[in-house]
Amino acid sequence: MIVPAAPTGVTLEVISATQLRVMFGSPSDNGGDTITKYMIEWSTSSDFANAESSTHDYLAGGSPFFKNIEGLSTGVYYYVRVRAMNSQGYGISQSSTPSSLNPHQKPSPPTNVRLGVTSDSMLTIGWSPPLSDGGDSIAKYRIEWDTNPRFVSASNPPNKGYVDLGPSSRSYTVDLLSPEKSYYLRVYAINSAGSSQAQMSDPSWAFPRVQIPGAPYSLVCYPGDSTG
C-alpha cells in the first residue's frame, strides 16, 4: 500500500462575500487502501505560506464532495488545494480550478447620479462609482431610460432602452429623444456577482428642450486698422 493519488475534479466557486466552496472527487488511485478523509488548504499566497486547513471526513455519500470555506476577507484572493488520506498518510495535493478566487457580492448602487438636459433631443446622465464594489472590480455600468417611471412602458427605441458602458465611464448622453416628452433614467453597477440595485437620477426625470446659450466667458478687444 502507498499514499493515494491526488483528488480529481477540484473546482472552486464563490458562495458569498466571505465564503468559497471547493468541490472535488476521489483520486484515480487510492493507493490500495480506503480513503479516510481529505484535507482542504487555503492561503492568500500561491506557495501556501501560512495556509489554513480543514478536513472533510464524511464520505458515505460518495463523491463529488463539497466543503465551504468560511470567514474569509471580502475581495481577497485565496488559493485552494486538496489532498486525500489513507492509512499510509496524505497523498500529493491538487490545486483548484481556477487556482484562486476572491469572495465577493454584488456592488452597491452608483452614487451622485445626475441628470441634465443637453438639447431638444438629448439628455445626459452622470454618476460616480459605488461606495462598495462588493469585493470585485466593477465590470460595467448599465444606463436605462424609459418614458414610464416604473420602466415598464411599451415604448420603442429610442424612447426606451439601455446601454452598457465600461468601468471607467462616468457619463452618457442619450440622443434621438422626442422633444417635450418626459424620460426617466437610472444606472446600475455590475461586477462578476451580478448587478447592483438601480439608482435613479436626480432629478428622476427630465424632458429634452432647446437650451439657451450661456453668456460669453470673456471678451478681448484688439486694436486694428481701418481704411476708407
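A salt bridge is a side-chain nitrogen of Lys or Arg within 4 Å of a carboxyl oxygen of Asp or Glu. With that rule in hand, this report looks at a predicted model, beginning with its charged pairs and then turning to its nonpolar cores and to three single residues.

## Salt bridges

By this rule the count for the model comes to seven salt bridges. Three of them are set out below, with the separation of the N and O atoms.

| Pair | N to O separation | Places of the partners |
|---|---|---|
| K140 and D164 | 3.4 Å | strand β11 and strand β12 |
| R142 and D164 | 2.6 Å | strand β11 and strand β12 |
| K160 and D146 | 2.7 Å | loop between β11 and β12, and strand β11 |

D164, which belongs to strand β12 (residues 161-165), takes part in a salt bridge with K140 and also in a salt bridge with R142. The pair of D164 and K140 links distant parts of the chain, since these residues are 24 residues apart, and the pair of R142 and D164 likewise links distant parts, at 22 residues apart. What is the burial state of D164? Because its relative accessibility is 31%, D164 counts as partly exposed. K140 counts as partly exposed at 30%, and R142 counts as partly exposed at 26%.

The side chains of K160 and D146 also meet in a salt bridge, and this pair, with its residues 14 residues apart, again links distant parts of the chain. Is D146 buried or exposed? D146 is buried, because its relative accessible area is 0%, whereas K160, at 22% relative accessibility, counts as partly exposed. Elsewhere, salt bridges that share partners join E41, R81 and R83 into one network.

## Nonpolar cores

In soluble globular proteins, nonpolar side chains tend to be buried together. In this model the largest nonpolar core has 19 residues, and those with the most contacts inside it are L123, I125, W127, I143 and L185. Which strands build this core? At least two residues of the core are supplied by each of β9, β10, β11, β12 and β14 (183-191), and the largest share, four residues, comes from β14.

L185 shows how such a residue is surrounded: leaving aside its neighbours within four places in sequence, L185 is in contact with ten listed residues, including L115, L123, I125, W145, F151, V174 and M200, and also E144, S201 and S204. Apart from the largest core lies another core, of 18 residues, among them F24, L59, I69 and L72.

## A serine beside the core residues

S201 sits in strand β16 (residues 199-206), and S201 is buried because its relative accessible area is 6%, which falls under the limit of 20%. Beyond neighbours within four places in sequence, S201 is in contact with V113, L115, I125 and L185, and I125 and L185 are among the residues with the most contacts inside the largest core. A polar atom of the S201 side chain lies 2.6 Å from the backbone oxygen of P203.

## Two loop residues

H104 lies in the loop between β8 (94-101) and β9 (111-117), and D133 is placed in the loop between β10 (123-128) and β11 (140-146). Which of the two is buried, and which is partly exposed? H104 is buried, because its relative accessible area is 9%, while D133 counts as partly exposed, because its relative accessibility is 34%.

Each of these side chains also has a polar atom paired with a backbone atom. A polar atom of the H104 side chain lies 2.6 Å from the backbone oxygen of N102, and the side chain of D133 reaches the backbone nitrogen of G135 at 2.8 Å.

Leaving aside neighbours within four places in sequence, the contacts of H104 include V14, S16, A17 and T74, as well as G134, G135, D136 and N191. D133, not counting residues up to four places away in sequence, touches Q105, P107, I138 and N191. N191 therefore appears in the contacts of H104 and in those of D133, while G135, whose backbone nitrogen is reached by the side chain of D133, is in contact with H104.

How far is D133 from F24, C-alpha to C-alpha? D133 and F24 are 30 Å apart in space and 109 residues apart in sequence, and F24 is one of the residues of the core of 18 residues.

Conventions
Residues are numbered from 1 along each chain as its sequence is written. This is a predicted model: local features need pLDDT of at least 70, side-chain atom pairs count only at pLDDT 80 or more; totals for chains, interfaces and linings use all residues. Side-chain values use heavy atoms; hydrogens and water are left out. Buried means under 20% relative accessible area, exposed over 50%, partly exposed in between (1.4 Å probe, protein chains only). Contact means heavy atoms within 4.5 Å. A polar contact is a pair of N or O atoms within 3.5 Å; within protein, one must be able to donate a hydrogen and the other to accept it, and residues adjacent in sequence count only if both atoms are side-chain atoms. A nonpolar core is a set of buried Ala, Val, Leu, Ile, Met, Phe, Trp, Tyr and Cys residues joined through side-chain atoms within 4.5 Å.
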